[in-house]
Amino acid sequence: MNTTYAARAAAGALAALLVLAGCSSKAKDSDDGDKATGGVKTGEGVSGKTIALGALTDMTGVYATLGKSVTQAQQLYVKQLNAEGGVCGYKVQLTVRDHGYDPQKAVSGYTELEPKVLGFAQFIGSPFVAAVKQRVDGQDKGLVLPQGWSSALLGSPYIRVIGSTYDIETMNAVDFLIKEKGLKKGDKLGHVYFEGDYGESALAGSRHIGEEEGLTVVEQKIKPTDNDMTAQVAALKQAGVKAIVISAGPRQAASLVGVAAAGGFDVPIIGNNSAFAPQLLATQAGPALMKNYYVASPSLPIGADTPEAKKLVADYRAAYPKDSLDNGIVAGWTAASAFGEALKKACASKDLTRQGVGKALLTLDSFSVGFGPEQDFTDPKSPSSRQSVILQPDKSVTGGMKVVQEATASEVAEAYTPKA
């Protein structure tokens, strides 16, 4: 959730994104070209005997491990769906592009696939999804289920975040630190965060609960290319913080936890859902991660004790026997399942156009695949859930994560209105 990728300054990356986001000159009526096949209305991405879906992933960048797991889980879902007969007699096909967490590749990948697919069951990277949001909402209107939880993605009827957004997730994380780890009014809370939509959304959460609970937030902004957290740990230690939130990638989290442990800086650290990969447990940071690190997640882990989780583990192991298990599998499976359910409902309504699938998703008010919180997609302005599960790394359990607090939403998170 990790290999290197081309370094880009945030301003340059965002500029590239916005330039590319506006590069499409096509202006189409979304109903143009719609056709009825066997009584079912169809449009873009549906032809012959195939429903084409897109997947814009990261196989070679900062979230390479996550991208692989998400993609393979979705390919497994599609294979099983097709084995059961597909949707409305169509077979579903997943077309994958690796953007390597590079903004130009991400947006050009979207530009390439968008005319060819019904929608996207995967799009890793909140900043990249935000960069095409205007196109999605305006001329494209294809459903996008991103593996990104920025509050900036809310409000779109077509881009639908699954689970709590980063700001709400961070409030739940800090609430855990208060209730279970001794953080109290008057204390300083450190927050290390990626520049851009992900980190800024999470930071909004820590600032909000900080104001509500009387905490002072000490901020440390970093780039995705910053891998050594020595300077950040030194600054937070000098500031006297009593706990730390990290909204970054697995590599940054491992460095932060490892450096803090090596320097005798013994404070609890909690990350957002994309700030961990179980492969880290085999590194030098492994013992420190298991001792003093926690993760807020929108779902139960892959090793959850539910029938659905156990079946997915068995099926995934059978399909990919050489690959490890992580929560990217849960994210990928959940998004593919939600898209699949929308397709089935759209089929029942005899409307497999982009608009028909989008409307179908709006009818899902208690969607679940056995990994915790039920998801309510009826209001595009709100996240589908406000609950978070608190996990702790543990190499002795399936997937390397155990539950230390079941799904819950803090009072602060429940009362909060996300800012899209």
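Me: Before I look at any cysteines, what counts as a disulfide here?

Reply: A disulfide is a pair of cysteine sulfur atoms within 2.5 Å. Keep in mind that this is a predicted model. Going by that cut-off, the structure has 1 disulfide. Cys88 and Cys347 make the pair, with their sulfur atoms 1.8 Å apart.

Me: Which way does the disulfide of Cys88 and Cys347 turn, right-handed or left-handed?

Reply: Look at the torsion about the S-S bond: for Cys88 and Cys347 the angle is about 95°, so this disulfide is right-handed.

Me: And where do Cys88 and Cys347 sit in the chain?

Reply: Cys88 is in the loop between H2 and strand E5 (91-98), while Cys347 belongs to helix H11. The two are 259 residues apart, and the pair links distant parts of the chain.

Me: Is each of them buried or exposed, or something in between?

Reply: Buried means under 20% relative accessible area, and exposed means over 50%. Cys347, at 19%, counts as buried. Cys88 comes out at 31%, which makes it partly exposed.

Me: OK, zooming out. How many helices and strands does the protein have?

Reply: There are 13 helices and 14 strands. For the overall packing, compare the radius of gyration with what the globule rule gives: 21 Å against 22 Å for 420 residues, so the protein is as compact as a globular protein of that length. The C-alpha atoms fill a box of roughly 65 × 45 × 40 Å along the principal axes.

Me: What share of the residues is buried, and what is the surface made of?

Reply: Buried residues account for 60% of the 420. The accessible surface is about 15,900 Å², and 51% of it belongs to carbon and sulfur atoms.

Me: Now charges. How should I think about salt bridges?

Reply: Side chains of opposite charge can pair when their charged atoms come close. In this protein you have 42 positive and 43 negative side chains, with the centres of the two sets 4 Å apart. The structure holds 13 salt bridges.

Me: Which residue does Glu44 pair with?

Reply: Glu44 forms a salt bridge with Arg354, and the closest N and O atoms are 4.0 Å apart. Glu44 is in the loop between strand E2 (40-42) and strand E3 (46-47), whereas Arg354 is in helix H12 (residues 354-361), 310 residues apart. Glu44 counts as buried at 16% relative accessibility, and Arg354 is buried too, at 3%. Glu44 and Arg354 also join Glu114 in a network of salt bridges.

Me: What does the salt bridge between Asp323 and Lys68 tie together?

Reply: The closest N and O atoms of Asp323 and Lys68 are 2.8 Å apart. Asp323 is in the loop between helix H10 (307-319) and helix H11 (327-348), and Lys68 is in helix H2 (residues 64-83), so the pair ties together parts 255 residues apart in sequence. As for accessibility, Asp323 is partly exposed at 23%, and Lys68 is partly exposed at 36%.

Me: One last pair: where are Lys291 and Asp266, and are they buried or exposed?

Reply: Lys291 is in helix H9 (residues 286-292), and Asp266 is in the loop between helix H8 (250-262) and strand E10 (269-271), 25 residues apart. Their closest N and O atoms are 3.2 Å apart, in a salt bridge. Lys291 counts as exposed, at 54% relative accessibility. Asp266 is exposed as well, with a relative accessible area of 54%.

Note on methods: Residues numbered from 1 in each chain as written. Predicted model: local features only at pLDDT ≥ 70, side-chain atom pairs only at ≥ 80, totals over all residues. Heavy atoms only, no water. Helix = DSSP H or I, 4+ residues; strand = E, 2+ residues; numbered from the N terminus. Rg over C-alpha atoms; globule rule 2.2 N^0.38 Å. Buried < 20%, exposed > 50% of the residue type's maximum accessible area, 1.4 Å probe, protein only. Areas by Shrake-Rupley, 256 points an atom, 1.4 Å probe, with all protein chains shown as cover. Lys, Arg positive; Asp, Glu negative; His and termini not counted. Charge placed at Lys NZ, Arg CZ, Asp CG, Glu CD. Salt bridge = Lys/Arg side-chain N within 4 Å of Asp/Glu carboxyl O.
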